[in-house]
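Visitor: I am new to this structure and would like a close look at a single part of it, together with whatever around it helps me to place that part. Could you take me through it slowly?

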Amino acid sequence: VLLLEQAQNMALSNSTDITKKYNEITLQKVKYEESVEELKAKVKNKKSFRWTPLLSFKFPEQLDMSEEYDLNVKPLNLQTEIDILRHKQTAQESEELAKINKAYLTAYVNQEKVFFTEERLAAAEEELARNQSRLALGQATQSDIDTMQKSVDTLTGDLAQQKRNLQTALEEVSDLIHPDVT
């Protein structure tokens with residue numbers, strides 16, 4: 001038995017779009033961390049006493065306006081991009097969940113229709129057999145048999161259509177979660 005929660009988890013884990021968004025977020029996080037570390041090193045370098053082996057001394061300096069801007073704004077811009085990507089990933093996950101929920105529900109409804117129609121067909125075939133026995137005894141008419149036969153034929157056609165619908169729905173679920181559930 002495939003539960004809805006299992007189908008949802010499998011659909012999310014097998015979605016290439018969600019994986020792409022996750023990779024984009026990871027890349028942005030790396031860019032953010034590198035940028036912050038670079039800015040921290042630059043500020044530390046500027047604000048500390050430095051010297052080279054050739055005895056060139058450099059005293060601590062104040063950051064100019066562009067460096068101060070980069071220090072304050074660049075990490076915020078990168079963090080905003082990460083947040084935007086997270087929102088897009090959440091939207092993508094919601095979209096995937098909606099797809100799998102719809103496909104799962106369609107498959108379940110079609111499966112129940114097939115079971116119900118099979119029961120109706122079995123009952124109709126049993127009734128037809130009883131009426132044929134009653135016809136042989138003279139207790140039923142040929143029109144009763146013809147009506148019952150049409151009912152059985154209709155149910156057989158309906159059952160075939162419902163099985164095709166079920167197969168299509170199961171294939172759609174399989175496409176979303178990747179294991180074959182047909």
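Guide: Let us begin with E126, which sits in helix α3; helices here are DSSP runs of H or I with at least four residues, strands are runs of E with at least two, and both are numbered from the N terminus. Please keep in mind that this is a predicted model, in which local features need pLDDT of at least 70 and side-chain atom pairs count only at pLDDT 80 or more, while totals for chains, interfaces and linings use all residues. Residues are numbered from 1 along each chain as its sequence is written, and side-chain values use heavy atoms, with hydrogens and water left out.

How far into the open is this residue? E126 counts as partly exposed because its relative accessibility is 48%, the classes being buried for under 20% relative accessible area, exposed for over 50% and partly exposed in between, with a 1.4 Å probe and protein chains only. To place E126 against a residue elsewhere in the chain, take E5: the two are 121 residues apart in sequence, and their C-alpha atoms are 39 Å apart in space.

Now look at the partner of E126. A salt bridge joins E126 to R130, with 2.8 Å between the closest N and O atoms; the term stands for a side-chain nitrogen of Lys or Arg within 4 Å of a carboxyl oxygen of Asp or Glu. Side chains of opposite charge can pair when their charged atoms come close. Both E126 and R130 belong to helix α3, where they are four residues apart, about one turn of the helix. An α-helix has 3.6 residues a turn, so residues three or four places apart point the same way. R130 is also partly exposed, at 43% relative accessible area. Through salt bridges that share partners, E126, E127 and R130 are joined into one network.

The whole structure holds five salt bridges, and another of them is found in the same helix as E126. E96 pairs with K99, their closest N and O atoms being 3.7 Å apart, and these two residues are separated by about one helical turn, because they are three residues apart in helix α3, which covers residues 65-137. The two ends of this pair are covered to unlike degrees: E96 counts as buried, at 6% relative accessibility, whereas K99 counts as partly exposed, at 38%.

A further bridge reaches out of the helix, for E118 pairs with K163, again with 3.7 Å between the closest N and O atoms. This pair links distant parts of the chain, since E118 lies in helix α3 and K163 in helix α4 (residues 142-177), 45 residues apart. Both are partly exposed, with relative accessible areas of 43% for K163 and 32% for E118.

With these pairs in place, consider helix α3 as a whole. Its 73 residues reach 107 Å from the first C-alpha to the last, close to the 108 Å expected at 1.5 Å a residue, where the expected span is 1.5 Å times one less than the number of residues. There is a kink of about 30 degrees at V73, shortly before the proline P75; the bend at a residue is the angle between axes fitted to the seven residues ending there and the seven starting there. After α3 comes G138, with a positive phi near 85 degrees.

Helix α3 also takes part in the packing of nonpolar side chains. The largest nonpolar core has 21 residues, and I100, V173 and I177 have the most contacts inside it; such a core is a set of buried Ala, Val, Leu, Ile, Met, Phe, Trp, Tyr and Cys residues joined through side-chain atoms within 4.5 Å. Helices α1 (4-13), α3 and α4 each supply at least two residues of this core, and α4 gives the most, with 11 residues.

Finally, follow the chain into helix α4, where I145 has its place. I145 is buried, with a relative accessible area of 6%, and its C-alpha is 99 Å from that of D64, although the two are 81 residues apart in sequence. In the segment after α4 you will find H178, which has a positive phi near 80 degrees in a residue other than glycine. H178 is exposed, with a relative accessible area of 51%.
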